[in-house]
Amino acid sequence: MNRLSKLAFLVLVPLGLLACSDNNNNNKGEEVEVTPEIAIKVGAASRSILPTVSGGRDYLQDAPGWPAAAELDPNDPGIFIPVWDQGKIDVGNGEPDASWVHDDIRATAVALEREGQRVIFITSNTYMHLKSDVDEIVKRAKAALDAQWAEAEILVSSSHNHHGPETAFGPNDQWYEMAVEQIVDAVLEAVEVVEPVDAVLATGEHDYGSADQRDPRVYDNRLNVMAFNSQETGDSVAILVQWNSHPEATLGWEPPAEAAGLEEACAVKGWEGDKCFAEDRYFSGDYVSVLEVRLKAKHGGEVAFFNGALGVLTGPLHASTWLVDEEHPVGDGKTVPEGAIPLAMCNKANQYECQSFAKTESTGNELANAVDALLESAEPMELEEITVRKEEFYSRVTNLGFRVLMAEGELGWKPMEVYNCDEKPFTDDNCVNAGQENIEDPVLTPLLGYEISKGDVLKTRVIHIDFGDVGMLFLPGEVSSELVIGLPEDFNTATPEKYYNDPDEHSVGEDYIIPGYYLSLVDETVTFTIGLGTDEVGYFVPPSEYRLQCHALSLAALPGASCQDLADRGLIEDPTWVGGLTCQQVTDDLEYFESLGADGPAVQAVCYYGQMVGAEIERPSGHYEETNSAGWDLVDDLWAATVKLFEDD
């Protein structure tokens with residue numbers, strides 16, 4: 001990798017004004033060549049992507065937003081909106097028919113330019129953007145840009161906010177069209193206002209308001225900050241923040257009926273009985289919006305938040321938060337100070353886990369404080385290059401539920417491209433685009449009337465942006481911390497209780513197998529790792545950790561086969577579940593499949609239906625994430641692609 005000397009960033013001294021001579025004047029009049037500074041230009045802009053009322057968002061003037069904690073009503077879900085211009089809009093990972101707005105939800109564009117090298121980042125405070133939708137956003141942005149900027153790489157990532165408009169499972173097409181128009185407008189403005197900047201970088205750790213909620217408990221607590229300040233005015237142009245946590249601080253929390261004005265709202269909406277509730281029916285940008293509001297208030301400019309290793313499962317739901325003050329500081333972010341006051345009350349054993357918008361505010365506010373503290377000691381950052389590397393790869397969609405959604409046109413905004421491939425490794429040479437063709441399933445079609453997509457392989461990508469000694473790694477889903485930073489040194493030798501709450505439900509120690517970790521592959525000091533980067537294929541769970549439910553439905557087309565019998569004869573791991581390594585082997589190893597004789601189809605069927613059964617009927621305890629993963633090959637396939645990405649450098 002080419003690295004420019006630090007001398008290339010010396011302040012420009014006009015040629016001819018600097019000369020040197022010795023005592024004999026032998027060099028009198030000779031000019032010393034000084035390498036000119038290479039200008040880094042950055043522009044940024046943001047737009048609201050909330051739905052509109054009467055063509056605008058004037059209603060935000062009456063939304064609570066994020067005032068100082070002392071002024072915040074922690075129970076108020078926001079202003080009630082009975083009808084949107086775009087029609088009914090669901091909440092991403094929430095409930096249908098969103099009808100309240102607590103605060104703004106924005107998309108931010110940051111454009112960088114260096115000596116003809118250009119890149120544009122788009123961060124969207126939404127649930128997710130699937131690859132086909134990302135590609136559409138990029139296509140429209142490029143069509144609107146001038147020729148120079150149209151050649152730039154445009155990288156779209158989402159925060160995975162669980163209280164924004166639905167973007168994944170049957171999104172509202174009119175809302176999506178409007179949101180993309182807003183995103184493109186932000187891109188155009190960001191490019192228009194690029195100006196010379198000084199760049200600074202700071203890295204640290206931050207644990208407050210987030211915790212790993214699934215065994216093994218390994219948390220990537222890195223907090224990375226990159227800031228660009230105008231050379232002309234010194235004002236902030238953009239602050240880029242990368243941290244790791246699900247934005248779902250109030251997921252599943254029921255705002256008090258009085259605070260929501262629930263009786264009147266339900267009368268207007270026609271919600272009756274158990275349909276009359278406000279839980280997860282409001283729009284909020286969660287802690288990401290708090291971060292944006294706090295940093296913009298102090299620094300100005302724009303804020304682009306990149307979520308990182310938030311998978312399997314890093315988030316706020318089981319993280320303690322409290323009223324932070326001088327006597328009860330954040331400290332290490334994990335240990336509640338003695339005498340600290342909980343932010344809400346509930347029926348949980350740990351009152352510090354109780355939910356309300358106070359928890360959201362505290363999480364975002366303390367994250368902003370951590371960013372501010374890092375910026376105070378930030379060091380100048382040298383952008384030695386803007387080099388983009390991309391590696392596309394295929395992975396099998398083993399989650400039959402995803403194929404049902406694709407067949408019904410309920411996965412994403414634009415149709416998702418899927419493929420049929422010959423034997424592994426899957427490549428462009430042996431994979432064929434299956435288009436939008438659907439087929440019948442021997443169990444689901446007769447029982448439930450479902451068809452599935454003919455294609456059973458997806459194509460996604462991993463992307464690296466090289467700035468020199470700093471990089472950004474875009475990963476297409478919810479990766480776990482251990483896949484980024486690696487497992488602790490004592491992971492295989494420590495007692496299970498150190499890293500597991502329920503070791504009996506998971507692969508422990510040396511049985512928990514990962515192929516490697518991404519930071520071991522990079523040739524740079526600081527790496528911003530970005531989950532849901534240009535795609536979202538779900539949770540990345542190692543196949544050694546997969547447990548898929550064995551259910552009678554899975555064996556419905558195979559009379560005489562039973563889960564108990566398969567387990568008794570050692571063909572699956574347990575009467576209630578089959579492991580991911582077994583599923584990989586029976587699916588991909590024809591010799592092994594044939595060695596099972598008449599039992600081969602039964603074991604294969606348990607694997608084939610396992611993820612969908614887990615989502616719709618029942619699943620092994622502690623194994624929710626498998627039901628929201630595209631497939632058990634993801635960890636291995638992404639690792640192989642990332643290795644190749646850096647090998648090809």
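Buried means under 20% relative accessible area, exposed means over 50%, and partly exposed lies in between, with a 1.4 Å probe and protein chains only. The model on your screen is predicted, so local features need pLDDT of at least 70 and side-chain atom pairs count only at pLDDT 80 or more, while totals for chains, interfaces and linings use all residues. Residues are numbered from 1 along each chain as its sequence is written, and side-chain values use heavy atoms, with hydrogens and water left out.

Select Lys 296 to begin, which is partly exposed at a relative accessible area of 25%, and then add Glu 302, which is buried at 14%. Their side chains meet in a salt bridge of 3.2 Å, N to O, the term standing for a side-chain nitrogen of Lys or Arg within 4 Å of a carboxyl oxygen of Asp or Glu.

Next, select Arg 569 and Asp 565, whose side chains form a salt bridge of 2.8 Å, N to O; Arg 569 is partly exposed, with a relative accessible area of 44%, and Asp 565 is partly exposed as well, with 31%. Salt bridges that share partners join another set, Arg 396, Lys 424, Asp 456, Asp 588 and Asp 633, into one network.

Stay with Arg 396, which is buried, with a relative accessible area of 16%. Among the residues in contact with Arg 396 (heavy atoms within 4.5 Å), leaving aside neighbours within four places in sequence, are Phe 426, Val 457 and Asp 637.

Finally, show the whole structure again, where a search finds 31 salt bridges, one of them between Arg 106 and Asp 104, with the closest N and O atoms 2.7 Å apart.
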